[in-house]
Amino acid sequence: MRNFKARLKTLELKNPTPCTAEQEKAFRDILSYLDNLAERKACGDTQVQAEIEAVNQFLKAQ
């Protein structure tokens with residue numbers, strides 16, 4: 001969790017523009033989801049790679 005908070009702070013410092021509470025929550029939810037994917041992959045989840053690739057394609061399209 002400390003690593004997550006440190007990364008979050010680094011990202012916040014790179015983008016100092018103010019955002020709404022809704023945007024802040026969405027940003028934190030996305031980071032949490034990506035961390036969950038990384039954790040699942042590290043634990044050997046065989047199905048997570050397809051999900052990672054789908055999310056990657058989605059984010060590139062945005």
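# Exercises on a pocket, a patch and some salt bridges

H2 supplies the largest share of the lining of the largest pocket, three residues. Keep in mind that you're working with a predicted model.

**Exercise 1.** Work out which helices line the largest pocket and which classes of residue are found there.

*Solution.*
- Start with the space itself: the volume of the largest pocket is about 170 Å³.
- Next, list its lining: Leu11, Glu12, Asn15, Thr17, Cys19, Gln23, Glu24 and Phe27.
- Now match these to the helices. H1 (2-14) and H2 (21-42) each give at least two residues to the lining.
- Finally, sort by class: you get three nonpolar, three polar and two charged residues.

**Exercise 2.** Find the residues of the nonpolar surface patch, then decide whether Tyr33 is buried, partly exposed or exposed.

*Solution.*
- Pick out the patch: Ile30, Tyr33, Leu34, Phe58 and Leu59, with about 450 Å² of accessible area together.
- Two or more residues of this patch come from each of H2 and helix H3 (48-61).
- H2 gives the most, with three residues.
- Tyr33 is part of helix H2. Its relative accessibility is 33%, so Tyr33 counts as partly exposed.
- For practice, try Ala61 in helix H3. Ala61 has 64% relative accessibility, which is over the 50% cut-off, so it counts as exposed.

**Exercise 3.** Take the salt bridge between Asp29 and Lys25 and say where its two partners sit and how exposed each one is.

*Solution.*
- First, the distance: the two side chains meet at 2.7 Å, N to O.
- Then the location: both residues belong to helix H2, four residues apart, which is about one turn of the helix.
- Then the exposure: Asp29 is partly exposed because its relative accessibility is 42%, whereas Lys25, at 52%, counts as exposed.
- Why can such a pair form at all? Side chains of opposite charge can pair when their charged atoms come close.

**Exercise 4.** Trace the network of salt bridges that contains Arg40.

*Solution.*
- One partner of Arg40 is Asp45, with the closest N and O atoms 3.0 Å apart.
- Another partner of Arg40 is Glu51, with the closest N and O atoms 3.1 Å apart.
- This second pair links distant parts of the chain: Arg40 is in helix H2 and Glu51 in helix H3, eleven residues apart.
- Check the exposure. Arg40 has 24% relative accessibility and so counts as partly exposed. Asp45, at 31%, is partly exposed, and Glu51, at 25%, is partly exposed too.
- Put it together: Arg40, Asp45 and Glu51 are linked in a network. The model's count comes to four salt bridges.

Notes: Residues are numbered from 1 along each chain as its sequence is written. This is a predicted model: local features need pLDDT of at least 70, side-chain atom pairs count only at pLDDT 80 or more; totals for chains, interfaces and linings use all residues. Side-chain values use heavy atoms; hydrogens and water are left out. On a 1 Å grid over the protein atoms alone, a cavity is a set of points where a 1.4 Å probe fits but cannot get out, and a pocket is an open set with protein on both sides within 12 Å along at least five of seven lines; lining residues have an atom within 4 Å of a point. Grid points are joined across faces, edges and corners, and a volume is the space filled by probe spheres set on the points. Ala, Val, Leu, Ile, Met, Phe, Trp, Tyr, Cys and Pro count as nonpolar, Asp, Glu, Lys and Arg as charged, and the others, Gly among them, as polar. Patches are made of residues with over 30% relative accessible area and no salt bridge: like charges are joined within 9 Å, nonpolar side chains (Val, Leu, Ile, Met, Phe, Trp, Tyr) within 5 Å. Accessible areas come from the Shrake-Rupley method with a 1.4 Å probe; for residues, only the protein chains shown count as cover. Buried means under 20% relative accessible area, exposed over 50%, partly exposed in between (1.4 Å probe, protein chains only).
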